[in-house]
Amino acid sequence: MARRILREMEVLGYEGVRLDRAGNAVGVIPGRSDGPKVLLNCHTDVVAAGDPGEWEVPPYAGEVREGLLHGRGAMDIKGPLALQTYAAAALAEDAPGDVWVAHTVFEERGGLGMKVLMEDGEVRPDAVVIGESTHGDVCIGHRGRAEVEVVLTGLAGHASAPARARNALHLLPGALEAVERIARDQPEDPVLGTSSVAATMVDVLPESRNVIPDQVVLTLDWRILPGTTDEALMARVASELTRTLPPGSLPGLGWSVRMASEHQRCFTGLAQDKNLLTPGFLMDPEHPVVKAAAGAVGRRGGGVGPATVRPWTFATDGGWSCGVHGIPTIGFAPGEERFAHTNRERLDLDEARWAFERYPRLIRAIQEALAR
Ligand SMILES: [Zn+2]
């Protein structure tokens, strides 16, 4: 996928076409002057297609039926990726500043590619446009997502002799009660809504039906507001666990709290233990970049006035560019969010053509607003 993007960039006259160490595909269309730099971003990964038999249209055939491109990645995100790549090229010698394009790896697993791109700093944009579906609206943020693990510990033993063991499962009701208490009291944002937390998985070790387990890991999926830190989440869980499972009352048993992590390996060989956290972010609807973007895009369907400005329901790599690195970030792309990650994924090609036609003026308007 990355190599295909690089080939297209070469053909389209991009400069500095390369893979970075994470395998992000990067290129630039130089501006006619030294104006503000904009980065266009989609990602090269997709979520799994699942059972092809559950699809009305084969997930990887790229079929167009009645003006809709069907299949995994049609809208999340290869359709918008192609659109961004070609829209930037249409601005050759016409944009006031450089237009960077970087399509990143691992977006669907917490954004390792965007994290590395931002940390390495070879691409230093003044604004970022994310190509996750907005159905033609201008999106300005989303909640973040964190995975927290509660580790319950005991002493393993043969199930025929429970007295010799300490069953870690006995701590599970207290741990779930703590999660319920946390869930009832979550902070709220007027635009993004309420932070939410849910217990989603229990792993028991050893995985054997005739052994009393010495370790139980309870996974919490936490949809967080911008600015939430790992430390704050872990401290909150620990403080509620201290109430429902007071340490002194648990002979031979114990608990701890940690952030979930996953070993991720990029196709370039770069490997990291990545904390499974996608940060949130929220732009001020009055920010000049947001105002310029909404004005330049206009209303889908040809109505009067600026585009609708709203948050996304899902998380994107904008959490890294804006939430962590403070770079003004917005989203604009065709496609309806409700089809993302489903077996009905599709892209309306008329809407895609409309968005493609809007993209150059969107980029220019952002650059002009930043220059002012
Ligand atoms: Zn996506």
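**A tour from the small sheet to the cores**

Begin by selecting the three strands β4, β5 and β23, which in this predicted model form an open sheet in that order, with antiparallel pairing. Because β4 (64–65) and β23 (346–348) stand at the edges and each has a single partner strand, one side of each is left without a neighbour in the sheet.

Next, keep β4 in view and add β5 (residues 68–70): the two strands run antiparallel and are joined by two bridges. If you pick Val64, its bridge partner in β5 is Leu69.

Now bring in the helices that lie across these strands. Select residues 74–89 to show helix α2, which lies across β5 and β23 and runs at about 45° to β23. Then select α8, which lies across β4, β5 and β23, running at about 60° to β23.

From here, move to the largest nonpolar core, which has 72 residues, and colour those with the most contacts inside it, namely Val99, Val138, Ala293, Ile330, Leu362 and Ile366. Helix α8 (residues 349–371), already on screen, gives the most to this core, contributing nine residues.

Centre the view on Val138 and display its contacts: leaving aside residues up to four places away in sequence, Val138 touches Val290, Ala293, Ala294 and Val297, together with Ala307, Val309, Ile330 and Phe332.

As a last stop, select Val150, Leu152, Val179 and Ile224, which are among the 23 residues of another core that lies apart from the largest one.

How values were computed
Residues are numbered from 1 along each chain as its sequence is written. This is a predicted model: local features need pLDDT of at least 70, side-chain atom pairs count only at pLDDT 80 or more; totals for chains, interfaces and linings use all residues. A nonpolar core is a set of buried Ala, Val, Leu, Ile, Met, Phe, Trp, Tyr and Cys residues joined through C-beta atoms within 7 Å. A residue is buried if 20 or more other C-beta atoms lie within 10 Å of its own, exposed if 12 or fewer, and partly exposed in between; C-beta atoms are placed from the backbone. Helices (H or I, at least four residues) and strands (E, at least two) are DSSP runs, numbered from the N terminus. Two residues are in contact if their C-beta atoms, placed from the backbone, lie within 7 Å. Two strands pair if DSSP finds at least two bridges between them. Axes are lines fitted to C-alpha atoms, for helices over the stretch in contact, and angles run from 0 to 180 degrees between N-to-C directions.
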